[in-house]
Amino acid sequence: MITYYDDRSVQVTSTAIRVDGRAYPLAEIGLVWHRRGSRSWRVLAGRGAIGAALAGPLVAAVVGIAVAVWLHRSPTVTIAIVGASVLVGLAVGPIADFLFNHLDRSYDRGSRQRELWVRWRDRPVLLLRTGDAQRFGQIYRAVQRAMEYTGPPPRTGRDTGPSPWTVRRNAVGSAQNGPRPGGRR
């Protein structure tokens, strides 16, 4: 048995898909598809808030410099205002890495709910619904690989067939006969 994906709630192997303790044997699955939900405005607003948090100190620094030049005060006061504005602009530096990391993770998770469906025993079954785009992609690709490759059939002494690889073509995507070049599957 080959394991294509395994986490706390989903396991995809060469024999079955297990979701939250329920097993769906690959031999009983006829079709696999996915659906995307509508965008989450909460996620998009969060991304905008991160952008504003990044831009706020920089805008404040530019405004401070403009005000210092516009006031036409003594060089000491102008330099003090410009210096304070530059320090405010530099204050975003230490937090920028944290904010960019958070923004990057929000794009990995995605802004939509995704659903994985299968036709199991001639009826549609929702296997998985998640908002994590990266995890969904890993699971969906694992299901595709599992459906394409059903494993080598048992060999007997009388078997003289050309290839021990069997490929299912009725499930998902396109299929290839035999192992891929380089030995990876």
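These are my notebook entries on one predicted model.

**Ground rules**

I number residues from 1 along each chain as its sequence is written. Since I work with a predicted model, local features need pLDDT of at least 70, side-chain atom pairs count only at pLDDT 80 or more, and totals for chains, interfaces and linings use all residues, while side-chain values use heavy atoms, with hydrogens and water left out.

**Overview**

I looked up the helices and strands. These are DSSP runs numbered from the N terminus, with helices (H or I) of at least four residues and strands (E) of at least two. The protein chain has three helices and seven strands. Along the sequence I read β-β-β-β-β-α-α-β-β-α.

Next came burial. I call a residue buried under 20% relative accessible area, exposed over 50%, and partly exposed in between (1.4 Å probe, protein chains only). Of the 185 residues in the protein chain, 33% are buried. I then looked up the contacts, meaning heavy atoms within 4.5 Å. Among contacts with a separation of 6 or more, 53% join residues 24 or more positions apart.

**The four-stranded sheet**

I count two strands as paired if DSSP finds at least two bridges between them. One open sheet has four strands in the order 1-2-3-4, with antiparallel pairing. Strand 1 and strand 4 each have a single partner, so one side of each lacks a neighbour in the sheet. Neighbouring strands here are turned by 10 degrees against each other on average, direction ignored. For such angles, axes are lines fitted to C-alpha atoms, for helices over the stretch in contact, and the angles run from 0 to 180 degrees between N-to-C directions.

Strand 1 pairs with strand 2 (residues 10–13) over three bridges, in the antiparallel sense. I found Tyr5 opposite Val12 in strand 2. Asp6 also belongs to strand 1 (residues 3–6). Is Asp6 buried or exposed? Asp6 is exposed, because its relative accessible area is 52%. Asp6 lies eleven residues from Ile17 in sequence, and their C-alpha atoms are 10.0 Å apart.

What lies across this sheet? Helix 3 (residues 133–148) lies across strand 1, strand 2 and strand 3, at about 155 degrees to strand 1.

**The three-stranded sheet**

A second entry covers the open sheet ordered 5-6-7, with antiparallel pairing. Its edges are strand 5 (29–39) and strand 7 (123–130), each pairing on one side only. The twist averages 25 degrees from one strand to the next. Strand 5 and strand 6 (residues 112–120) share eight bridges in the antiparallel sense. Arg35 faces Glu115 of strand 6.

**Helix 1**

I checked the length of helix 1 (residues 41–71). The expected span is 1.5 Å times one less than the number of residues. For 31 residues that gives 45 Å, and the end C-alpha atoms are 42 Å apart, which agrees.

Where does helix 1 bend? The bend is about 35 degrees at Ala55, and Pro57 follows within four residues. I take the bend as the angle between axes fitted to the seven residues ending there and the seven starting there.

The buried residues of helix 1 include Val43, Ile50, Leu54 and Pro57. Helix 2 (75–109) is among what covers them.

**Positive phi**

Most residues other than glycine have a negative phi. I noted some with a positive one. His72, just after helix 1, has phi near 55 degrees. Asp20 has about 50 degrees. Asp20 sits in the loop between strand 3 (16–19) and strand 4 (22–25). At 62% relative accessibility, Asp20 is exposed. Arg121 has about 55 degrees, in the loop between strand 6 and strand 7.
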